[in-house]
Amino acid sequence: MTLHQPDLTALPADLAALLRGVAAAPPAFGKFPGLALLPRALPLAPGAAEQTVAALAAQYAAAIEDRAAIPGRLAALRAELQRQDLAGFVVPLTDEYQSEYVPLRAQRLSWLTGFTGSAGIAIVLRDRAGIWSDGRYTLQLEQQVDGSLCERRHISDDPPADWLKTALKPGDRLACDAWLHTEDGLKKLEAACRSAGATLVTADRNLVDIVWTDQPPPPLSPVIVQDDALAGRDAAGKRGQIAAAVQARGAAAVVLTLPESIAWLLNIRGSDVPHTPLPLSMAILHADAAVDLFIDGRKLGDEVRRHLGAAVRLQAPEAFAAALDALGTAKQTVQVDPATSGAALLHRLEAAGATLLRAEDPCLLPKACKTDAELDGSRAAHRRDGAAVSRFLAWLDAEAPKGHVDEIAAAGKLESFRRLSNELRDLSFTTISGSGPNGAIVHYRVTPQTARLLEPGNLYLVDSGGQYPDGTTDITRTVFIGDGQPAPEMRDRFTRVLKGHIALARARFPEGTSGQQLDALARHCLWEAGLDYDHGTGHGVGSYLSVHEGPQRIAKLGSAVPLKPGMIVSNEPGYYKTGAYGIRIENLVAVRVETEKAENGRRWLGFETLTRAPIDRRLIDLTLLTPQEVGWIDAYHALVWQEIAPQVDDDTRAWLKQATAPLGA
């Protein structure tokens with residue numbers, strides 16, 4: 001459908017563009033941070049700017065979510081394919097920064113297919129289309145994507161490359177936007193095309209952008225300074241460290257395309273994308289520690305400019321391509337991470353004459369290994385967050401059995417408790433609030449159409465987190481609703497998940513161990529019953545940055561990067577019974593040194609649990625637990641009581657006393 005937009009024609013062009021950009025950035029609790037970028041003197045009535053931005057944002061979102069328009073959008077894309085003599089186009093859920101969370105402008109997959117998950121890819125041919133995601137989104141794909149328009153497939157069991165081998169015909173030309181694919185991703189697409197006798201070509205302009213006539217502009221929100229006291233290091237020291245590492249590899253510069261790496265390096269934050277405090281930008285760090293930062297200057301106030309200093313040269317995003325060409329013309333050796341950079345960047349550098357040093361983004365590992373200040377900040381954030389979650393769980397225990405609380409109301413109430421601290425800057429992701437069968441959808445997103453009541457006798461799964469200036473949180477709790485007794489199967493499955501959680505939390509391992517080597521600890525008790533879960537056990541978490549951070553990971557197919565002291569990672573095994581309920585228990589943990597020097601001379605590492613909130617004792621089957629496991633739960637609950645009780649009101653404290661009582665008490 002075509003939506004009426006506010007009339008901006010009477011405004012100066014630069015002000016109209018600014019308002020559109022502010023509206024294209026995500027609001028935090030209903031307020032648009034970019035409004036702070038507007039000039040003080042405006043040719044608008046009081047409050048008109050806020051109303052205009054809110055109306056624009058609503059229309060951007062409504063247009064993307066207009067499911068009735070999807071057949072017409074697919075038809076428009078196919079008409080463009082025919083016009084350019086192409087067989088198809090690949091549409092991944094990412095942007096030129098290879099981000100997990102993307103701005104409205106880059107929500108091409110949702111606009112085209114209706115799928116709102118955080119991972120996916122579609123391929124649209126002239127006569128058929130397919131969409132892929134992982135096991136977290138199997139049920140969501142079925143609910144959101146019309147199977148008659150787009151074939152729904154599992155990205156591991158039936159990967160896009162296999163589909164292309166039979167869907168393409170000899171002589172076909174499949175197009176892609178090389179900024180949205182890594183070099184390895186393009187190679188897989190090229191191989192699939194060759195197998196079918198077809199050719200992969202790179203489009204000069206993204207074909208979805210051509211047919212998306214009301215596409216939002218790039219987002220505009222203010223850049224802020226992340227205080228050195230919270231970061232634990234100043235930006236100059238970070239620039240010097242990374243520049244020295246790049247120079248030691250024989251490179252004259254490194255190109256950084258991950259906004260989180262740039263935010264960490266320069267001690268800045270922003271709000272250009274949902275739930276992650278990132279200013280979208282790209283950068284070139286030179287061997288002398290100087291930085292060329294390519295960012296919209298409208299985002300930068302005087303304080304930020306002073307903080308960045310003369311060593312950070314500010315350039316418009318449009319100047320990035322010319323800067324890459326200049327590196328090539330100078331015949332420089334340039335370090336680029338092929339796993340996190342768009343293939344178009346690598347192709348441009350090589351075409352210009354640069355020598356590429358393909359190596360991991362040098363900011364990833366230092367960023368993942370938190371400073372003492374960042375770890376202290378994370379502990380403080382988790383104590384603050386734990387108080388909010390405990391207030392929520394106490395409220396839930398009192399109100400949900402009355403039968404009037406639905407999934408939306410529960411998520412809203414949890415957010416309201418988090419906001420009481422006045423420290424919450426945003427949620428760290430959209431809250432997963434799933435009752436009964438909706439809890440079995442791993443990354444369920446509640447809508448007014450899908451919201452269920454939290455009914456007595458059901459399980460309720462809530463996965464949520466907060467962004468605080470001193471840390472990022474992520475916690476999942478599964479609770480039983482009502483005063484009755486959970487079904488024996490529920491207690492069995494919950495306890496098996498809990499045993500896996502405890503096994504990982506108590507793990508001790510030699511330095512050099514990767515998360516992949518630990519993953520089975522969390523699954524073992526489920527495996528004994530012929531059960532499993534189709535997602536990773538743990539992901540890295542940033543420090544007031546992304547809630548999903550690499551390079552560390554705990555999963556069957558996890559990262560080979562060893563876990564190192566200071567890394568924060570989640571511990572979240574689960575179990576999901578389709579059509580019935582879901583169970584997940586998630587705490588964040590920090591890697592720490594347990595033994596400085598063992599008999600073999602190696603350090604031994606373990607985990608410090610950071611999250612502070614009770615685990616539902618009603619769902620625990622004591623007969624399945626060992627004395628050591630009981631001891632871990634009681635010790636954990638004692639910590640929760642000690643640190644959270646002083647922060648909460650009397651009613652919550654009384655509830656918390658019972659919720660953290662020793663097992664068997």
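The legends below describe close-up views of a predicted model.

Local features need pLDDT of at least 70 and side-chain atom pairs count only at pLDDT 80 or more, whereas totals for chains, interfaces and linings use all residues. Residues are numbered from 1 along each chain as its sequence is written, and side-chain values use heavy atoms, with hydrogens and water left out.

**View 1. The largest nonpolar core around helix α16.** This core (buried Ala, Val, Leu, Ile, Met, Phe, Trp, Tyr and Cys residues joined through side-chain atoms within 4.5 Å; buried means under 20% relative accessible area, exposed over 50%, partly exposed in between, with a 1.4 Å probe and protein chains only) has 60 residues, of which F392, L396, L454, Y460, F494, L498 and I633 touch the most other members. Its largest share, eight residues, comes from helix α16, residues 372–399 (helices, H or I of at least four residues, and strands, E of at least two, are DSSP runs numbered from the N terminus).

**View 2. The aromatic pair of W132 and W163.** The two rings are edge-to-face, at 5.2 Å centre to centre and 80° between the planes (rings of Phe, Tyr and Trp, the last by its six-membered ring, pair if their centres lie within 6.5 Å; planes under 30 degrees apart count as stacked, over 60 as edge-to-face and the rest as tilted). W132 lies in strand β3 and W163 in helix α6, so the pair ties together parts that are 31 residues apart in sequence. W132 is buried at 0% relative accessible area, and W163 is also buried, at 3%.

**View 3. The aromatic pair of F294 and F320.** This pair is likewise edge-to-face, with 5.1 Å between centres and 70° between planes, and links strand β11 to helix α13.
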